[in-house]
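The following paragraphs go through one protein model, from its strands and domains to single residues. Keep the structure open alongside the text.

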Amino acid sequence: MTPDLLTDIADTFGTPTYVYDLDRVKEQYNTFKSAFPWPRLKICYAMKANYNRDILATLNELGSGIDAVSPGDLAMARSCGISISNIIYTANNITDTEMHEIAATGVLMNIGSLSRLKRYAEAYPGTRVCLRINPDVVDGAHDKIKTGGDLTKFGILLEDVEQIKEIVREAGLKVVGLHEHTGSGLKKPDSIIKAMKQVMSVATRENFPDLEFLDFGGGFKVPYGPDEAPIDIREIGSRVTRLFSEFCRDYGRELGLWFEPGKYLTAQAGTLLVRVNTVKQNRHRTICGTDSGFPQLIRPMFYDAYHAIENISNPAGMPGTYDICGNICETGDLFAKDRDMPEVRENDLLGIKDAGAYCYAMGGTYNLRPMPAEVVVEKGGFRLSRKRLTPEDLVALITGESATPARNDFNTQTRPDAA
Ligand SMILES: Cc1ncc(COP(=O)(O)O)c(C=O)c1O
């Protein structure tokens, strides 16, 4: 997305605004797909990364399935026309009520604890199910997004296979899939292979005779920082398919090879446009205040994540060092600390890059500031995907009643002729 295009979008829709390049999403999907030459490859986009409706519709058109993790995810996917047979449901720590609601839709459930499996087996004997296995491989870009190993809450431990078998046998369940997800932003490509081998070690015909697929989750890293290189997805794809082909030969049937990429498909397609409203000299620091904040893009505060920031208005400005902050009443409300970039001036437009995954989707309305608008770019043009709510819209959503516009109140009180 060129600076001119982004400037045009900011001028049209204001800031803060998320912009998603749908052509980039398609490119990432096609690159991923062609890297895994397996006839029964299935990509289930992890919609937790970004549930924007235009992104979901675009991926659906390309043939992608969906990994959903909540009733809200499921409702959103269905509202975008995604069929139930194209969705896997991987929630964790669900209630019985949620289990029954989800089971009633007919979606394939991916169960990650013995306790839930027992309750599912009692309620739905003889049905098809997928099981989430903890691969016992520890990797991920940050401790908070490592999902393998016994320090995390996810999946059934490999050593519990005999207990799984007993529950499955008693209820006549059909285990059609085994699943694992090691973590997000896997640092070592070898972790993908190691985790696959761990699942394959229990995915024998003797243990699970009804398997139709193995699902190896997501975690494919994208480069965020200036020193990070892109992963070699083709190399990973050929190692994975070779290993999977050997496994299927031993298992005696060609199974589906499933993945659930999130970041890989959408992270690099997104930019958050923010406007600088305050530049302040705090002795040796230059603080730039913007019109967004951490509830609208939490990754830097939550994971110490790095996001490149472009000064779209002043790309050739004198180099300086800046703290790029938000408008929220919290000290940690920073998008970047000590960031070297071209001179930042009040009213400059900044683009926070690689903001297409776990940014809008992890957003909230702390301090009661509505989330940014969302705009999509496709084939050189752009359109509004979701409008920014006003503070009054937000209050109406919370209270269920329409709110009095604050500005009108203010005007009524201060206009000399109001009384
Ligand atoms: C079960 C599951 N699948 C897939 C993903 C997607 O991970 P990523 O966005 O790193 O590809 C996640 C996210 O952590 C997940 O929890």
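A walk through the model

In this predicted model, strand β8, helix α8 (residues 189-202) and strand β9 together form a β-α-β unit that is right-handed. Strand β8 covers residues 174-179, and β9 covers residues 213-215. The two strands are paired with each other in the parallel sense, through three bridges. One position that fixes the register is His179, whose bridge partner in β9 is Asp215.

Strand β8 also pairs with strand β6 (residues 128-134). The β6 and β8 strands run parallel and are joined by five bridges. Here the register can be read from Val129, which has Val175 in β8 as its bridge partner.

Val129 appears again in the surroundings of Tyr120. Apart from residues up to four places away in sequence, Tyr120 touches Met99, Met109, Ile111 and Val129. Tyr120 itself belongs to helix α6 (residues 114-123). Is Tyr120 buried or exposed? Within 10 Å there are 22 other C-beta atoms, so Tyr120 is buried; the cut-off for this class is 20 or more. Between the C-alpha atoms of Tyr120 and Val107 the separation is 14 Å, with the two positions 13 residues apart in chain numbering.

Asp96 gives the opposite result. Asp96 is located in helix α5 (residues 96-105). Asp96 counts as exposed because 11 C-beta neighbours lie inside 10 Å, where the limit for an exposed residue is 12 or fewer. Its C-alpha atom is separated by 39 Å from that of Ser292, and the two residues are 196 residues apart along the chain.

Next comes the ligand. Which residues come nearest to the ligand? There are 17 residues around the ligand, and Ala46, Ser184, Gly218, Glu260 and Gly262 come nearest. By class, the shell consists of six nonpolar, eight polar and three charged residues.

The domain assignment splits the protein chain into domain 1 (22-265) and domain 2 (268-399). Taken over C-alpha atoms, the centres of domain 1 and domain 2 are separated by 32 Å. How many residues of domain 1 are in contact with domain 2? On the domain 1 side there are 19 residues, in contact with 18 residues of domain 2. Two elements, α2 (22-35) and α3 (53-62), give two or more residues to the side of domain 1 that touches domain 2. Helix α2 provides the largest share of that side, with four residues. The composition of this side of domain 1 is seven nonpolar, five polar and seven charged residues.

A second set of paired strands involves β11, β12 and β14. Strand β11 (residues 270-282) and strand β12 (residues 285-290) run antiparallel and are joined by six bridges. Within this pair, Val279 stands opposite Cys288 in β12. The β11 and β12 strands form a hairpin, with two residues between them. In the turn, Arg283 has a positive phi of about 50°. Strand β12 is also joined to strand β14 (residues 319-325), in this case by three bridges and with the two strands running parallel. Gly289 stands opposite Cys325 in β14.

Some backbone details in loops remain. Between Thr15 and Pro16 the peptide bond is cis, and its omega is near -5°. Pro16 is found in the loop that connects α1 (3-13) with β1 (17-21).

A positive phi also occurs at Asp304 and at Tyr358. For Asp304, a residue other than glycine, phi is near 55°. Asp304 sits in the loop between α11 (299-303) and β13 (309-311). With 11 C-beta neighbours inside 10 Å, Asp304 is therefore classed as exposed.

For Tyr358, again a residue other than glycine, phi is near 55°. Tyr358 is placed in the loop between β16 (349-352) and β17 (373-378). Is Tyr358 buried or exposed? Tyr358 counts as buried, because 24 C-beta neighbours lie inside 10 Å. Asp304 is thus a positive-phi residue that counts as exposed, while Tyr358 is a positive-phi residue that counts as buried.

Technical notes:
Residues are numbered from 1 along each chain as its sequence is written. This is a predicted model: local features need pLDDT of at least 70, side-chain atom pairs count only at pLDDT 80 or more; totals for chains, interfaces and linings use all residues. Two strands pair if DSSP finds at least two bridges between them. A crossover is right-handed if, with the strands pointing away from the viewer, the path from the first strand over the helix to the second runs clockwise. A residue is near a molecule or strand if its C-beta atom, placed from the backbone, lies within 6 Å of it. Ala, Val, Leu, Ile, Met, Phe, Trp, Tyr, Cys and Pro count as nonpolar, Asp, Glu, Lys and Arg as charged, and the others, Gly among them, as polar. Domain bounds come from an automatic or database domain assignment. Two residues are in contact if their C-beta atoms, placed from the backbone, lie within 7 Å.
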